[in-house]
Amino acid sequence: MLPQFYAWETGFYRAPTLEERLACGQQIALHLQQVVDQHQQQPGAGDIVDLLLAAEVDGERLSAEEVQGIAYLLFLAGIDTVASMLSFTVLHLARNPDQYAQLHQNPEAIGDSVDEFLRLNAFISLNRICEQDIELEDVLIKAGDNVVIPSAITSRDPQVFGTPDTFDPDRSRGEQNRHHAFGAGAHKCIGLHLAKLEVRVVLEEFCRRASAVSLSPDRKIKGHGGTTMGLDALPVDIKWTTQ
Ligand code: HEM
């Protein structure tokens with residue numbers, strides 16, 4: 001159902017009107033409610049919904065509504081994010097043909113490059129509501145203020161990363177793991193290992209099949225901003241390998 005899921009999810013985040021966005025959210029919720037109902041009636045699929053329905057927290061089973069809520073969060077957090085990440089990565093490689101050639105020739109280096117692609121293209125800003133008045137670096141943040149932490153900026157902090165704007169997959173382990181592409185603290189992305197695996201597998205397959213990728217000169221890249229930035233159109237020319 002990926003095309004349908006992708007349409008609902010992009011509609012939820014970016015349809016032109018609020019009504020359309022809400023309608024997409026309702027369709028996702030309805031679908032997931034049906035999935036959870038089916039699993040309750042017929043357990044045994046061995047998938048994540050089965051696991052959640054059987055899970056206990058402090059000795060109590062999760063309710064169907066709680067399982068639907070978790071499924072809803074996973075649905076909204078896991079599809080658009082990886083697609084955005086892949087599009088920013090392909091954009092980076094199309095703009096840097098030497099780096100693409102290196103990965104194409106040494107695909108075993110792809111795994112170590114994934115974190116660096118994430119660091120350079122961190123596209124999610126974290127949002128928090130301040131609980132109590134606090135002064136930080138002479139700035140008063142009041143209780144109730146919405147604080148936005150743009151990981152695109154914190155992931156290029158020169159106090160943390162040497163040559164922060166340069167793609168360098170050989171960064172020290174300490175630097176590699178300090179980017180904020182997946183957030184930080186208690187709510188750090190729970191899907192980060194799956195996300196990195198997905199990006200690695202797609203890049204490995206892409207590098208195996210394409211010997212070069214470049215931006216199409218006469219067509220425009222389109223993107224969107226917001227809490228989760230992304231690309232809507234990325235016209236590239238690909239030179240496929242003959243195998
Ligand atoms: C490259 C892809 C991804 C990126 C860049 C990303 C990024 C993030 C970020 C920045 C947060 C923290 C948000 C905050 O603190 O406000 C987050 C949370 C989360 N992510 Fe991801 N994510 C990705 C893929 C995934 C995938 C594949 C899944 C699951 C299938 C997932 C599930 C979640 C969930 C459930 C949370 C909420 C965790 C919590 O609140 O405790 N993410 N993600």
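**Figure 1. Helix H5, its length and its buried face in the predicted model.** H5 has 16 residues, and at 1.5 Å a residue these should span 22 Å. The C-alpha atoms at its ends are 23 Å apart, which agrees. Which residues of H5 are buried? They are Thr-81, Met-85, Ser-87, Phe-88, Thr-89, Val-90, Leu-93 and Ala-94. Arg-95 also has its place in H5. Arg-95 is exposed, because 12 other C-beta atoms lie within 10 Å, and a residue with 12 or fewer counts as exposed. Arg-95 and Ala-15 are 80 residues apart in sequence. In space, C-alpha to C-alpha, Arg-95 and Ala-15 are 29 Å apart.

**Figure 2. The largest nonpolar core.** This core has 17 residues. Met-85, Leu-118, Ala-122, Val-199 and Leu-203 have the most contacts inside it. Helix H5 (80–95), helix H7 (110–120) and helix H10 (192–209) each supply at least two residues of the core. In soluble globular proteins, nonpolar side chains tend to be buried together. What does Val-199 touch, leaving aside residues up to four places away in sequence? Val-199 touches Val-82, Met-85, Leu-86, Thr-89 and Val-114. Of these, Met-85 and Thr-89 are among the buried residues of H5.

**Figure 3. Where domain 1 meets domain 2.** The chain is divided into domain 1 (1–78) and domain 2 (79–125 + 154–243). Their centres, taken over C-alpha atoms, are separated by 28 Å. Nine residues of domain 1 are in contact with six residues of domain 2. On the side of domain 1 that touches domain 2, helix H1 (2–14) and helix H4 (64–78) each supply at least two residues. H1 gives the most to this side, with six residues. The residues of this side of domain 1 are five nonpolar, two polar and two charged.

**Figure 4. The shell around the ligand.** The ligand has 18 residues around it. Ala-77, Gly-78, Gly-183, Cys-189 and Gly-191 come nearest. H4, H5 and H10 are the elements that give two or more residues to the shell. H4 provides the largest share, four residues. By type, the shell holds 13 nonpolar residues, five polar and no charged. Why does the ligand lie between domain 1 and domain 2? Both domains give residues to the shell, so the ligand lies between them.

**Figure 5. Two loop residues with positive phi, Asp-58 and Glu-137.** Most residues other than glycine have a negative phi. Asp-58 is not a glycine, yet its phi is positive, about 50°. Asp-58 is found in the loop between strand E1 (56–57) and strand E2 (60–61). Is Asp-58 buried or exposed? Asp-58 is exposed, with 4 other C-beta atoms within 10 Å. Glu-137 has a positive phi near 50° and is likewise a residue other than glycine. The loop of Glu-137 runs between strand E4 (134–136) and strand E5 (139–141). Glu-137 counts as exposed, with 4 C-beta neighbours inside 10 Å.

**Figure 6. The whole chain, for orientation.** Along its principal axes the C-alpha trace spans about 55 × 55 × 40 Å. The chain has ten helices and ten strands. Of its 243 residues, 19% count as buried. Among contacts with a separation of 6 or more, 62% join residues 24 or more positions apart.

How values were computed
Residues numbered from 1 in each chain as written. Predicted model: local features only at pLDDT ≥ 70, side-chain atom pairs only at ≥ 80, totals over all residues. Core = buried A, V, L, I, M, F, W, Y, C linked by C-beta atoms within 7 Å. Buried ≥ 20, exposed ≤ 12 C-beta atoms within 10 Å, placed from the backbone. Contact = placed C-beta atoms within 7 Å. Domains from an automatic or database assignment. Nonpolar A, V, L, I, M, F, W, Y, C, P; charged D, E, K, R; others polar. Near = placed C-beta within 6 Å. Expected span 1.5 Å × (residues − 1).
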